[in-house]
Each structure stands twice: as structure tokens, then as C-alpha cells.
Amino acid sequence: MHPVMQGGEALQLPACLARRVRAGGDGMETQTTALMRARGMLETHGRFPGGALPPDIADSWLRSLEHGLDPAGRPEAMVLLPTAFEQARERSRDLIRFARPELELLYDQIAGSNFMIALGSPEGLVLETLSDSQFQQSEASRAVIAGSIWTEAVGGTNGMGLCAATGRAAQVYGGEHFFRTHGNIACISAPIFDGRGGMAGILDASSGITVRQQHTAALVQMSAANIENGLIRHRHDNRLVLQFHPRPEYLGTLSSGMLVLDEDFSVHAINRRGALFLTGLPTLIGRGFPEIFDARFEDLACRLVRGETLRVRDRFGSAVSMRCVANRAAFALAGRHGAAAPLAPARSQTERNLFKDVVVEDPDLWRQLAALPEAVARRVPISIMGETGTGKEMVARLAHAAAGKDRPFVAYDARLATEEDFARVMFGSGPGEPGLLARASGGTLYLDEVTELPPRAQAALARVLDTGEYRRSGSSETVRCDVHVVSSSCRPFDTAQSEGRFRADLRHRLAGYAINLPPLRRRSDIAPLARRLIAAANPELRLDDGALAIIAGHDWPGNLHELRARMSQAALLARGPTIGRDDLSDLVAARPFDDKDRHQACAGCSGTAWKEQQCRGIQLEVERSQGNIAETARRLGVSRTTIYKHLGR
Ligand SMILES: Nc1ncnc2c1ncn2[C@@H]1O[C@H](COP(=O)(O)OP(=O)(O)OP(=O)(O)O)[C@@H](O)[C@H]1O
């Protein structure tokens, strides 16, 4: 058994779950004399002089000694067996989902070479890694692999282990590592908090040992804070989430405080930034809103859920601007307060986007979305078509929110379905293992890429939608199905049907109110979208007309995913408050359409003009990056699987 820390408690990891492998490599280069002396004593006498090391490192060396590790020996690396690793990944599924784009962005930002980015669980288990080709050749890269355990008990003093043990950001350089063999590496780690006083994960950047890299440390902490904010929003879709900041223009950025409220308007969770703004008020979790702010939430609720930004004073008299994040709970409360549904047809240009996180200023798109609340109220199935990244899931969530009920939203990616397990996943296999239909009961079931369902699964789903009833696997009892179905597909339903891949009966049951999301290159509100995304990355920045012209001239095959990724990158590289044509020209390379005609659209996209155009655009990007799929996926802000799909692999 090996101890692994979890939430402050020692968790015993059964030895059978892990295999031991040897980690190798030697080196001990960049060190100060004091550190060298301390190391010498550590290795020869098993003790060292206090004061020679940063206090966190000295404490960690002591703990490593207590774990019985030998600093001059070779560390025994532990790697979870595949089943246990899969279980661990499953437990951190939403962390991985939110962290992945951040890992890729961080990878782009860390200049130079010979480095690796790793995402760890709160206990110090490596869940994902991303490394450049030079680092991949190193011993360290062979040791820091997905599934490896880097607690202090196993790896001695190291960035991830130290961060797991203390809950604080950690920097461990060369000889500060407990094991001599880790002397060639520099690790910079930052905790990702869960908003409730615990840790959700650890972000780590490791590289060959050079000088202390404060710039990298700042980037790692920023990325960790970004992941934390994304997780808090995602995990609390059914609770009110407030953003606040002393300066209104910072709302919605990385620097905003986030406060999650329970049903009685007491604090359920708060992000690190929010806790910093409210320093001085002890134990914020569980406190009532009026104990923190000079107002009752009930008196502000109506205006906040209508999308207004309010000025509120905290109990120390400092004023903050506050607004409510547009999520399921906000829509539900807006309904109870009799607020006009946020998507109801607008009376004026300014009234129309009450909820600030969603930009819909394109008149055609607006017309389609304006009828959404009506379709939801009548429980008409909703189908959403659009290229990757056009906002299909966002619209599905808006449809769900428009229902104004505190009920579940359950999403299912039909690309993952297999004939064998579809029935178990969808219908469940007993009271202890409810299927998706039971989990979504009373709420919304979102079927993403529904045309990709295997044939027998399509038949089973069509039957349920027809009869409104289903049976769990292995049971004869009939269960009534009470879900509002929203489906989406990149491939238009009629194309999928004419290819013989989509059953007509299922198509007709799902089509209902059909929304066609335009690709970004056809949207007339691309400029406000770009402005919103750049302001979200950094509110001090603006795009000038030259920059907007470049954006308008690009064909955006990755749509909003790509625009978001490019704007975040432009914000990080900005040399002043205004981003101009020159700043964007390298990031957003113009792509004349005829350049793409050399490429053949993949089988899945052939036959539909806009799908072909997007597909050829993606293939062209792959060519530009000389076949580097990871880089293309990063540039376009889409997953690697999407790229492979368009390459027909
Ligand atoms: N109208 C909008 N205003 C601002 N941001 C938006 C809008 N619509 C979508 N987004 C953002 O754009 C990104 C892509 O949206 P979403 O994931 O809903 O697209 P999708 O079509 O479901 O993508 P995929 O096909 O890859 O699953 C998300 O980050 C989403 O928050």
C-alpha cells in the first residue's frame, strides 16, 4: 500500500493498482553553493542546515526523509494500472475538460523549448501531459507520464507533490528536488481550487533547469485561475453565480471575483479572486449575503437577473460592481421575478442582449433564437445544425434555461455511442444505475452529433420518442419518459438521411423546431463578438479598425472556438492597449477561398457547400502546419478528433 493524500486525508492506494518502474537520469547543474552544501549533508548525513533553503523546500525535504526516501538513490516511479487510471480520470472528468484548452494555450505561451505541461489530480496523480519534442527525449518525460504518481511520498520534493502537500503554488528548481536524479528539471506548479476550500487539481510546467522563471510561474497561476473559474461556473449551473470587481470593466475577466449562492442566498462557493476582494471577512462559505454586502440579495435579485450591473458596498464600505452570470439558475429566477425571457424578441437594439455573456446581434440568428422560448414552452423538440464551434451547445443551454425550471441538463455525445452499451447508457440497468433518460427527467436531454448514433441505437431512440416510454435493460417494467429533447449535428439531417446513415423516423421526431446556426464568416456580428472576446481576455484592450478588417476577412473554419483562441492569444501578445492589423496578421492568416479548392472535402462533408468549405479550410490548416494535428487543433480551437474526422482518418 502506498499513501496518497486526498483532501488532507491519507488515502491508501492498493499496491495492486500500481506498477513500479524505474526513473533514471542524473544531473545536478545550476545550484547555489548553499544549496550544494545542504544537498551534500542531506545525502551523506540525512539532515541539513536550516536557512539554506526556501522554507517550503526545507519542510518538503524533511517530509521526504520521514517517508523513508533516499536522496541519492533512484526514485521508484509509480504508475497506476489502466483500469484504476481510467477510474481516476473519470472522477476528474470536468477538470480535464476545462483544463484541456488551457493546457494548450499555456503550451503556446511558454516560449522556448524543452518543456512539458501536466495536469494533476489534487492528490498528485498525473492526468494529462503535453510536451514538446525536445522534452519528449528526456528521462523526465519518460517519468512524468499520464498515470504516474508524484506525491512527496513517492517522488520526494517535486513541484506537483509539494503543491499537493501544501495546497500552495510551488517552484522547485534543480537540486532543490529531493532526489539527485531530478536535478536537471525545474517544476512550477499551481493549485486549482474548487471554490469550497478544497483543491480540484494541480497544473504543472516542467522544463530543463535554467534560471528561475517568474514569467512562467505567473502564466501557470493565471491558467490555474482560469480553469478554476471555468469549473466553478460549470459545477454551479443550477445556482446563482455572481461576478464582482471594484471596477466594472473587469467584470467577466480573469480578475473578477465569483460568488456562488445557495437557494437561501448564502455563499456556497467563492473563487480565489473573490476571497481576496473580501479579505477580512472570516469563513465566507455559508455566510448570508447581507453579512458580506450592505444589501439583501432579494432587493437586488430582480435587476441582477435581468442582466443589470449594480454597484454594491461590502461590509467594510468598499464598493464593487456586480452582475449575475447567465446560467440556468439565473434564467429560472428571472422567470419567477416575471422578467421578460432574455431571449424574447427585442423592442430595441440595447434591450436585446440582456445577458452579457452571449452576443447575438446578427438579425437572422436573432430571428431564429427569438422563437426558442415559445418552442420550449410547447415542448417541441429542438434541432440545431451548424459547423463545429458555431454555438450549438450554447443554444441548447439557452433552450434549457428558457424553460426556467430547476431541472437537470444532461448532455450526451452520440459519437461515443456503441451498439452494445447504448441501451444501458440511455435506459439504465436497474434502480441503482439510472440511464440518461432518468437522469434528465423533467429537464433537457441534449443529444450532440445525433446523426452519428449507430443504427440500432437510432431505432431504439425513435421508439422511445414515439411512445414516450422505455424499459431498463433486464427489466420488464415500463418507465414514462419525461425529457425535452434538444439535438444537434454538424451534418444536416437531410444529408445524413440521404447517405443512409440517419433513419427517417428518428429525423422527423427530432427535427421539431430547427435552428441553423450560421458559420462565423457569415455572421454580421463578428466585430461585436471579437470585441467581447478580447475584452474578456483583457478589458484594457481594444481592437482597431485594421484588426477588425483582418477578422472580417478570415474564414474561421473553427468558428467561435477559433475566434476565442485567437483573441486570447492576441491579448497575451499585445504590445499596447490597441490591437491593430499588424498584431493580428500573423495570428489570423488570411486564406483566400480558392486556395482551398486544391483540397477534397471528406466523405462526411461532401455534398453540402458550407460543410465542404469548412472541411477544406481545416485541411488547408493541417497543410500549413506541415501535418501537425495538435498544432492545427490548437490554432482552430477544436479537438484533434474533429481534425482527424475531416482528414477522413
Ligand atoms: N453567441 C455567442 N456569444 C459568445 N460566445 C459564444 C456564443 N455562442 C457560442 N459561444 C462560445 O463559443 C464556443 C463554442 O460554442 P459551443 O461549444 O456551443 O459550439 P458547438 O457548435 O457546440 O461546438 P462543437 O461542434 O465543437 O461541439 C464556446 O466557448 C461558447 O461559449
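Trainee: Hi! How do the axes of α22 and helix α23 cross, and how close do they come?
Mentor: Hello! In this predicted model, the axes of α22 and α23 (residues 545–553) come within 10 Å and cross at roughly 115 degrees. The crossing of these two helices is right-handed.

Trainee: And which residues make that contact?
Mentor: On the α22 side you'll find Ile526, Ala527 and Ala530. On the α23 side, look for Leu548, Ile551 and Ala552.

Trainee: How do those divide into nonpolar, polar and charged?
Mentor: The contact of α22 with α23 has 6 nonpolar residues, no polar and no charged.

Trainee: Okay, what about α22 and α24, how are they placed?
Mentor: Helix α22 covers residues 526–537 and helix α24 covers residues 559–573. Their axes come within 9 Å and cross at roughly 50 degrees, so α22 and α24 are oblique to each other. Here too, α22 passes its partner α24 in a right-handed crossing.

Trainee: Which residues should I click on for that one?
Mentor: From α22, pick Leu529, Ala530, Leu533, Ile534 and Ala537. From α24, pick Leu563, Arg564, Met567, Ser568, Ala570 and Ala571. They divide into 9 nonpolar, 1 polar and 1 charged.

Trainee: Moving on to strands! What is the order of the sheet that contains β5 and β6?
Mentor: That one is an open sheet of 5 strands, in the order β6-β5-β10-β9-β8, and the pairing is antiparallel. The edges are β6 and β8 (170–173), and each has a single partner strand, so one side of each is left without a neighbour in the sheet. On average, neighbouring strands here are turned by 15 degrees against each other, direction ignored.

Trainee: How many bridges hold β5 and β6 together?
Mentor: There are 5 bridges between β5 (residues 115–120) and β6 (residues 126–131), in the antiparallel sense. To find your way, note that isoleucine 117 stands opposite leucine 130 in β6.

Trainee: What sits in the turn between them?
Mentor: β5 and β6 form a hairpin with 5 residues between them. Glycine 124 is in that turn, with a positive phi of about 100 degrees.

Trainee: And at the β8 end, what does β8 pair with?
Mentor: β8 pairs with strand β9 (residues 185–193) over 4 bridges, again in the antiparallel sense. Valine 172 stands opposite cysteine 187 in β9.

Trainee: I see a helix by that sheet. Which strands does α8 lie across?
Mentor: α8 lies across β5, β8, β9 and β10 (199–208), and runs at about 30 degrees to β9. Another helix meets α8 as well: α2 (residues 55–66) packs with α8 (residues 159–166) at an angle of about 90 degrees, their axes 11 Å apart. That makes α2 roughly perpendicular to α8.

Trainee: What is that contact made of?
Mentor: Asp56, Ser60 and Arg63 come from α2, and Leu162, Ala165 and Thr166 come from α8. The residues divide into 2 nonpolar, 2 polar and 2 charged.

Trainee: Now the sheet with β11. What is its strand order?
Mentor: It's an open sheet of 5 strands, β13-β12-β11-β15-β14, with antiparallel pairing. Its edge strands, β13 (267–270) and β14 (310–313), each pair on one side only. The twist averages 35 degrees from one strand to the next.

Trainee: What joins β15 to the strands beside it?
Mentor: β11 (residues 240–245) is joined to β15 (residues 319–324) by 4 bridges, and the two run antiparallel. Histidine 245 has serine 321 in β15 as its bridge partner. β14 is also joined to β15 by 4 bridges, running antiparallel, and valine 312 stands opposite valine 320 in β15. β14 and β15 form a hairpin with 5 residues between them, and glycine 317 in the turn has a positive phi of about 95 degrees.

Trainee: Last thing: where does pLDDT stay under 50?
Mentor: It stays under 50 over residues 1–30, for which the model has 72 contacts beyond four places in sequence. Residues 590–596 also stay under 50, with 11 such contacts. Where pLDDT is low, the predicted coordinates should not be read in detail.

Trainee: And what is the average for the protein?
Mentor: The pLDDT averages 82, and 88% of the residues score at least 70. The model scores ipTM 0.98 and pTM 0.51.

Methods: Residues are numbered from 1 along each chain as its sequence is written. This is a predicted model: local features need pLDDT of at least 70, side-chain atom pairs count only at pLDDT 80 or more; totals for chains, interfaces and linings use all residues. Axes are lines fitted to C-alpha atoms, for helices over the stretch in contact, and angles run from 0 to 180 degrees between N-to-C directions. Angles under 35 degrees count as roughly parallel, over 145 as roughly antiparallel, 65 to 115 as roughly perpendicular and the rest as oblique. A crossing is left-handed if the near helix is turned anticlockwise from the far one by less than a right angle, and right-handed if clockwise. Two residues are in contact if their C-beta atoms, placed from the backbone, lie within 7 Å. Ala, Val, Leu, Ile, Met, Phe, Trp, Tyr, Cys and Pro count as nonpolar, Asp, Glu, Lys and Arg as charged, and the others, Gly among them, as polar. Two strands pair if DSSP finds at least two bridges between them. pLDDT is the predictor's confidence in each residue, from 0 to 100.
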